[in-house]
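Colleague: I should like to learn how salt bridges and burial are to be read together in a model. Could we work through a case?

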Amino acid sequence: IEREVYNGRKPDEDKPMSIEEFVQDNFEDLPNWAIVLRGFRNREGLSQKSLGELIGVAQTNISQMELGKRPIGKALDPN
């Protein structure tokens, strides 16, 4: 089943928008992994702070991961 959203448009005014179009229009050039991280966190009802506390990562790092500015992971330096 293809799910459709209307992104503020009324169904009778325009054709439905696909999920792919919605993601492209609303998340611009974010990497898919950043979108997935945010989606999973929201699905579980966690704030960035609470997720960070659960996994031992600062909230600012969670934010940067969700913005695609930092790779997902706790360690960045292999040393």
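Modeller: Let us begin with burial, bearing in mind that this model is predicted. A residue counts as buried when its relative accessible area is under 20%. Both Arg-41 and Glu-66 are buried, and the relative accessible area of Glu-66 is 1%.

Colleague: What does Arg-41 form with Glu-66, and how far apart are the closest N and O atoms?

Modeller: A salt bridge requires a side-chain nitrogen of Lys or Arg within 4 Å of a carboxyl oxygen of Asp or Glu. Arg-41 and Glu-66 form such a bridge, with their closest N and O atoms 2.4 Å apart. This pair connects distant parts of the chain, since Arg-41 lies in helix α2 and Glu-66 in helix α4, 25 residues apart.

Colleague: Which residues are linked with Arg-41 in a network of salt bridges?

Modeller: The network links Arg-38, Arg-41 and Glu-66. The side chains of Arg-38 and Glu-66 meet at 3.5 Å, N to O. Here too distant parts of the chain are linked: Arg-38 belongs to helix α2 (residues 32-43) and Glu-66 to helix α4 (residues 59-66), with their positions 28 residues apart.

Colleague: Is Arg-38 buried, partly exposed or exposed?

Modeller: The partly exposed class lies between the buried cut-off of 20% and the exposed cut-off of 50%. Arg-38 has 24% relative accessibility, so it counts as partly exposed.

Colleague: How many salt bridges does a search of the whole structure find?

Modeller: The search finds three. Among them is the bridge between the side chains of Glu-44 and Arg-43, at 3.0 Å, N to O. Arg-43 counts as exposed because its relative accessibility is 58%.

Key: Residues are numbered from 1 along each chain as its sequence is written. This is a predicted model: local features need pLDDT of at least 70, side-chain atom pairs count only at pLDDT 80 or more; totals for chains, interfaces and linings use all residues. Side-chain values use heavy atoms; hydrogens and water are left out. Helices (H or I, at least four residues) and strands (E, at least two) are DSSP runs, numbered from the N terminus. Buried means under 20% relative accessible area, exposed over 50%, partly exposed in between (1.4 Å probe, protein chains only).
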